[in-house]
Every structure is written in C-alpha cells, then in structure tokens.
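Subject: Structure handover

Hello,

Here is the structure I promised to pass on. Please open it alongside this note.

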Amino acid sequence: MIKCSECGYENMDGLDYCDGCGAKLAASEAPAAAPAAAPEAAHEAGPVTMEPAPAHEVHEAAPAAAANGTAVSEAVVVAEPLAAPSSEAKTGEISPPPEPAPVAAAAAPGASPHFKAKLSLLRGGRKGQEFPLDGGQNFIGRWDPETGSFPEVDLEQDDPEAKISRKHALIIVENGKITIEDIGSLNGTYVNRGNRLIPGTPLEIKAGDEVIIGKTFLKLVIDPIS
C-alpha cells in the first residue's frame with residue numbers, strides 16, 4: 001500500500017495519483033538488493049590446479065606445501081631460446097654462390113713447357129753444330145738472297161753443293177709433340193732413312209730420330225726442363 005502524504009489515504013500499490021485527493025503519490029522505494037553473497041573460500045581441502053601459461057615448454061617443479069597441508073604442483077614456464085638471426089637476415093643480403101675453381105689455362109699454341117728441342121748436325125758441314133727449335137714453326141733451308149729471309153734452321157754454311165732447298169722442310173713444336181713435313185723440296189726429306197716424306201704430310205719425330213735433308217744428316221735431341 002502507498003499512503004498519500006497529503007490526505008493520509010492509503011492507495012493500492014502501482015498508482016501514481018491518490019484516489020482520495022488526487023495528489024501525486026511519492027514513488028515507492030524498491031527494496032534494497034540483497035548484498036552479494038561473499039565468495040566462498042578459494043582454497044579448499046582438495047588439490048588446486050593452475051592453468052599453464054602458453055610457452056614452448058613447461059617443466060613441473062617440486063610440489064610446494066599448501067597452507068592446509070595439501071601438496072600443490074607449481075608450474076614453471078621455461079621459454080626456449082630463440083635462434084640467433086643469420087648474417088643474411090641481419091644484412092638483408094644474399095651471399096653470392098661460391099665461385100668455381102679456376103680452370104688451368106690451356107697451353108698456348110707452339111708452347112713446349114716440358115722440354116727443349118734442338119737439331120744436332122751429324123754429317124755434312126759443321127759437324128756437331130746445334131740448331132735450337134722454338135715452340136711453333138721452325139723452317140729448315142737456306143738463306144734466300146731474293147727475299148732476305150732466314151729459316152730457323154739455316155744450313156747455308158753446311159750445304160756447299162746446294163742440295164738443300166731454300167724452303168726445304170718444316171718442323172712444328174706444339175702441345176708436347178714435334179712433327180716434320182716436307183714442303184716441296186727438290187731432293188726430299190727422310191726420317192731414319194725411311195721412305196721419302198710426302199710433301200704436306202706431317203710425321204711425328206722423337207728424341208734420337210735422324211733427319212736427312214739433301215746430303216746433311218741431323219739428329220733430334222730433347223732435353224727435359226728441370
């Protein structure tokens with residue numbers, strides 16, 4: 001019931017105005033809410049479970065004694081160490097691929113790095129005279145007064161009967177090999193007293209081989225380089 005403060009008439013609950021005098025009724029106060037029940041004690045006699053924090057690895061420590069005598073497992077969080085950033089991540093650069101091993105340069109044409117070759121005169125003219133052979137082409141013949149050219153193996157002084165052509169034969173020292181070929185001589189070129197060489201057809205010769213040019217005999221001598 002709501003009692004009117006003006007006339008004292010008791011009105012039914014829920015009315016805004018007094019049925020006796022029409023005065024506005026004062027709003028009834030709602031009963032105070034009951035105080036919230038006090039939370040129960042967090043710890044009871046049973047074991048207490050703790051939620052592990054998110055981590056890479058959790059190790060269980062030795063149980064600690066609780067106040068009420070019950071053992072409680074205490075979670076210890078151990079974070080794994082982060083891997084150290086690589087040098088590429090620090091600098092932002094990508095290491096270039098390893099360079100290939102250097103390839104040994106091919107020997108230049110005509111080079112003879114392992115030996116020295118020469119022709120030694122055995123018969124005719126200056127016996128024992130030696131003619132060094134260079135890497136590459138070595139012409140055998142005689143000095144040509146018309147062109148003024150001198151062959152690498154000049155037998156002008158060793159051929160009084162002129163049996164040797166101005167350009168008689170060609171010796172090539174290349175890639176560790178020595179070859180000889182006739183280049184169209186009049187009296188031919190012979191090796192070890194064999195058949196006459198066919199012009200333009202090289203023949204490999206080795207240390208100790210005998211080369212016959214006209215009436216002049218020569219011997220191939222090879223000295224290794226120490």
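Below is what was found in it, from the whole chain down to single residues.

Please keep in mind that this is a predicted model.

Overall picture

The protein has 226 residues, and 25% of them count as buried. Its secondary structure consists of one helix and 16 strands. The accessible surface comes to about 16,100 Å². Carbon and sulfur atoms hold 55% of that surface. On contacts, take those with a separation of 6 or more: 40% of them are between residues 24 or more positions apart.

Strand β12 and its partners

Strand β12 covers residues 177-182. Five of its six residues are buried, so the strand is mostly covered, with under 20% relative accessible area as the cut-off for a buried residue.

Which strands pair with β12? One is β11, residues 167-174, and the other listed here is β14, residues 203-204. The pairing with β11 is antiparallel and runs over six bridges. Within it, V173 has I178 of β12 as its bridge partner. β11 and β12 form a hairpin with two residues between the strands. In that hairpin, N175 takes a positive phi, near 55 degrees.

β14 also runs antiparallel to β12, and two bridges join them. Here T179 is bridged to E204 in β14.

The aromatic pair

How many aromatic pairs does a search of the whole structure find? It finds one. The pair is W143 with F150, and their ring centres are 5.6 Å apart. The planes meet at 20 degrees, so the pair counts as stacked; the cut-off for that is under 30 degrees.

Are the two residues buried or exposed? W143 is partly exposed, because its relative accessible area is 31%. F150 has a relative accessible area of 57%, so F150 is exposed. The cut-off for exposed is over 50%.

A nonpolar patch

There is also a nonpolar patch on the surface, made by M1, M12 and L15. Its area is about 310 Å². L15 sits in the loop between β2 (10-11) and β3 (57-60). L15 has 31% relative accessibility and therefore counts as partly exposed. That value is enough for a patch, because patch residues need over 30% relative accessible area.

For a quick look, I suggest three stops: the β11 and β12 hairpin with N175, the stacked rings of W143 and F150, and the patch of M1, M12 and L15.

Best wishes

Key:
Residues are numbered from 1 along each chain as its sequence is written. This is a predicted model: local features need pLDDT of at least 70, side-chain atom pairs count only at pLDDT 80 or more; totals for chains, interfaces and linings use all residues. Side-chain values use heavy atoms; hydrogens and water are left out. Patches are made of residues with over 30% relative accessible area and no salt bridge: like charges are joined within 9 Å, nonpolar side chains (Val, Leu, Ile, Met, Phe, Trp, Tyr) within 5 Å. Accessible areas come from the Shrake-Rupley method with a 1.4 Å probe; for residues, only the protein chains shown count as cover. A salt bridge is a side-chain nitrogen of Lys or Arg within 4 Å of a carboxyl oxygen of Asp or Glu. Helices (H or I, at least four residues) and strands (E, at least two) are DSSP runs, numbered from the N terminus. Buried means under 20% relative accessible area, exposed over 50%, partly exposed in between (1.4 Å probe, protein chains only). Two strands pair if DSSP finds at least two bridges between them. Contact means heavy atoms within 4.5 Å. Rings of Phe, Tyr and Trp (its six-membered ring) pair if their centres lie within 6.5 Å; planes under 30 degrees apart count as stacked, over 60 as edge-to-face and the rest as tilted.
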